[in-house]
Amino acid sequence: MHTPIPTPTYIPTLPPIHDYGIAIVGCGGIVNYAHLPAYRTHQLTIVGCYDRDPAAAAHTAATHRIGRVYTSLAELLADPAVTIVDIAVPAWEQRAIAEQALAAGKHLLCQKPLAEDLADAIAIAAAGERAQRYVAVNQQMRWSAGIAASADLIRSGAIGQPTDAQIWVSAETPWHMWPWLRDSDHLDVMYHSIHYLDSLRHLFGNPTALTSRHARYPGQPERAETKTITILDYPDGLQASVMVNHHDASRATAATFRFLGTAGIISGTIGSMYDYPHGRTDTLAYARHGDELVDIPLTGLWIPDAFIGPMASLMHAIQTGTDPITSARDNIATLQLVHGAYRSAHEGRTIAPDTLLS
Ligand SMILES: NC(=O)c1ccc[n+]([C@@H]2O[C@H](COP(=O)([O-])OP(=O)(O)OC[C@H]3O[C@@H](n4cnc5c(N)ncnc54)[C@H](O)[C@@H]3O)[C@@H](O)[C@H]2O)c1
């Protein structure tokens with residue numbers, strides 16, 4: 001006889017007050033195909049946008065019917081209608097914008113990675129604390145259907161004590177969408193696997209040891225690592241692995257997750273990675289040990305639907321006085337895994353991530 005299948009709660013919800021004025025800094029790809037479509041669905045209040053490329057700002061304003069295009073960051077920050085600044089620029093531009101916006105009294109949603117340099121990320125978190133303003137980081141995979149539903153099942157005890165977690169992605173990633181990444185010193189872990197590492201922290205907490213190996217694909221145009229394997233060890237024996245290959249030219253690409261425990265298993269797919277950024281809905285199946293896996297239907301797409309999650313969490317923080325779920329301070333621990341992975345790969349050894357600068 002089958003045990004009843006639980007119904008996970010996973011769809012992001014907005015707090016009661018959600019008409020804060022939002023201004024966008026950086027009007028590139030992700031803002032146009034993810035941030036703004038998600039905000040439009042939830043009828044958030046976008047008061048204006050700014051990009052150092054005026055054509056990008058004008059195009060975004062016209063496409064998404066945004067009433068005001070600012071001609072400078074200073075003009076945006078001087079607008080009293082703006083409560084939240086939503087930053088989506090390359091990571092190395094983020095700290096300067098964040099510090100000015102916090103000094104102007106704004107709350108922030110920053111893009112991931114919060115910074116390429118751990119010290120810059122810590123400086124942004126500290127600036128938020130000094131200004132007594134909230135800084136959330138757009139690690140929105142936590143709100144994607146597959147991960148959010150898994151989190152709810154794991155917290156309800158559906159798999160018992162977690163023992164093994166695997167995220168395996170083998171895909172052909174359209175790196176041409178981010179020309180500025182081609183010559184970057186860091187690629188997969190800093191810009192992509194960061195989502196998986198952050199999701200694993202969300203599901204299982206902070207590992208005590210990390211081992212990572214990095215490689216390149218023959219003849220790849222990108223400068224940095226596009227194939228990585230990272231293993232996280234937890235004190236209770238839980239082992240988690242993230243295996244990623246961004247150069248899979250086969251017709252058998254895959255993006256899967258599998259969370260095994262003493263009492264059950266969750267197995268699913270990351271829909272977004274099957275045709276980025278269009279993607280498809282995540283899948284998820286669950287079984288208690290001894291039972292057959294049963295599909296639990298999910299709705300929504302990581303891109304754009306999960307993008308309401310970090311913004312909703314920031315708004316919740318503003319009105320309740322509690323930290324956002326993906327606060328800048330929380331994100332330091334995700335960045336410790338990212339930097340731990342590079343150090344581990346570089347030095348050929350296992351790293352204790354919490355010994356990195358914090
Ligand atoms: N799933 C995700 O969370 C996800 C996906 C893609 C990109 N991103 C992140 O979002 C950010 C933007 O990525 P994108 O794909 O939109 O890049 P993009 O190159 O398409 O757009 C970036 C925009 O920022 C503008 N810009 C750069 N520096 C600026 C500055 N100092 N002031 C104002 N505008 C500035 C550029 O002119 C450009 O229009 C990056 O940090 C990237 O890592 C996150």
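The following exercises examine helix 1 and the ligand shell of a predicted model.

Local features require pLDDT of at least 70 and side-chain atom pairs count only at pLDDT 80 or more, whereas totals for chains, interfaces and linings use all residues. Residues are numbered from 1 along each chain as its sequence is written.

**Exercise 1.** Determine why the end-to-end distance of helix 1 agrees with its number of residues.

*Solution.* Helices are DSSP runs of H or I with at least four residues, numbered from the N terminus. The expected span is 1.5 Å times one less than the number of residues. Helix 1 has 13 residues and should therefore span 18 Å; its end C-alpha atoms are 18 Å apart, which agrees.

**Exercise 2.** State which residues of helix 1 are buried.

*Solution.* A residue is buried if 20 or more other C-beta atoms, placed from the backbone, lie within 10 Å of its own. In helix 1, Val31, Ala34, His35, Leu36, Ala38 and Tyr39 meet this criterion.

**Exercise 3.** Identify the residues closest to the ligand and the helices that contribute to its shell.

*Solution.* A residue is near a molecule if its C-beta atom, placed from the backbone, lies within 6 Å of it. The ligand is surrounded by 23 residues, the closest being Gly26, Gly28, Gly29, Ile30 and Gln111. Helix 1 (29-41) and helix 4 (91-103) each supply at least two residues of this shell.

**Exercise 4.** Describe what follows helix 1.

*Solution.* Helix 1 is followed by glutamine 43, which has a positive phi, near 55 degrees.

Methods
Buried ≥ 20, exposed ≤ 12 C-beta atoms within 10 Å, placed from the backbone.
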